[in-house]
Every structure is written in C-alpha cells, then in structure tokens.
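Reader: I have a protein model to look at and would like to go through it step by step. Where should we begin?

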Amino acid sequence: MKNVLVPLFTASFIIFYNSVLAAETTRENILGSWEGPLVIGRDNMKLAFTFSLQGEEIAAVLTSSGLGIYGMPADTVIVDDRRITIRIPRLDLEFTGVVRTATSGEVLRIDGDWFQYSEMVPVVLLPVENPSF
C-alpha cells in the first residue's frame, strides 16, 4: 500500500506545482498592452486592454477610440491559469478569453469573447508595445 501512495502523492504534487507555476507565468506574460479588432454590426473599431500589476493583483484598463473610451479601469480582472475574465459593469461589459502560448511558453495571443448588451462578438488580441490609436 505504501509503495502505491508515494508515487501517487509525488505525481499529485508535481501536477499541482506545475499548474501554480503556469498560472503565475501567465500572469507575468500578459502584462502590457493587447490590441485587436472589434466588429459590431457594420462598425469595425480597435480595442486594447493594458494589463499591469497593482500590488499583488492584476489590473486592466480598456482603450477604444471607436467607443470613445480612453483608459477606463476594469472593476474585475480574474486570471485563472490561462483563462482571463474582465468585467466593467458600467458598460455592461464582460470579456472572457484564453491565453494561447507557443511551446516555449511565450504568449502569442488572447482568443476571447466580448459580451455587451446581450451581444457576443469574438475578439483576438495580439501583444503591442502601445495601442495604435
């Protein structure tokens, strides 16, 4: 019985440690600006989320010249492993996304969905130095 428990405990610890390490790596790798197109109806505009550390927490601000928003802070930012949730209730907005990485661990893009006023629009965000608008 003891021979079975030791490998099982070791495997459980390794899986737990790797998931904690992956979540922390994702938190660090998404810092900075991420930009992509937002197409609502016939309107094609750009949006950007800029992530930063505020103490121990991740913060995000939204910028979209097409929506007339410049640096609006998100009320809620949740980074859970590779999943990201951003909520801005005053805009009735929720963005949910999944971080896509290369085998090296580098974050390539964030594939997400923009939910606003009961409408869902797919959005792909790419890393940028600064929002281009």
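Reader: What share of the area that the protein chain exposes do carbon and sulfur atoms supply?

Author: This is a predicted model, and its values are computed. The protein chain exposes about 8,300 Å². Of that area, the share supplied by carbon and sulfur atoms is 57%.

Reader: What percentage of the residues in the protein chain is buried?

Author: A residue counts as buried when its relative accessible area is under 20%. The protein chain has 133 residues. The buried ones make up 32%.

Reader: Which pattern does the protein chain follow along the sequence?

Author: The chain contains one helix and nine strands. Read along the sequence, the helix precedes the strands, giving α-β-β-β-β-β-β-β-β-β.

Reader: In what order do the nine strands stand in the open sheet?

Author: Strands of a sheet pair through backbone hydrogen bonds, either parallel or antiparallel. Here the pairing is antiparallel. The twist from one strand to the next averages 20 degrees. Across the open sheet, the order is β4-β3-β2-β1-β9-β8-β7-β6-β5.

Reader: Why is one side of β4 and of β5 left without a neighbour in the sheet?

Author: β4 covers residues 69-73 and β5 covers 76-80. Both stand at the edges of the sheet, so each has a single partner strand.

Reader: Which residue in β4 stands opposite L62?

Author: Strand β3 spans residues 57-64 and pairs with β4 in the antiparallel sense. Four bridges make up this pairing. Opposite L62, the residue in β4 is M72.

Methods: Residues numbered from 1 in each chain as written. Predicted model: local features only at pLDDT ≥ 70, side-chain atom pairs only at ≥ 80, totals over all residues. Heavy atoms only, no water. Helix = DSSP H or I, 4+ residues; strand = E, 2+ residues; numbered from the N terminus. Buried < 20%, exposed > 50% of the residue type's maximum accessible area, 1.4 Å probe, protein only. Areas by Shrake-Rupley, 256 points an atom, 1.4 Å probe, with all protein chains shown as cover. Pairing = 2+ DSSP bridges. Axes fitted to C-alpha atoms, helices over the stretch in contact; angles between N-to-C directions.
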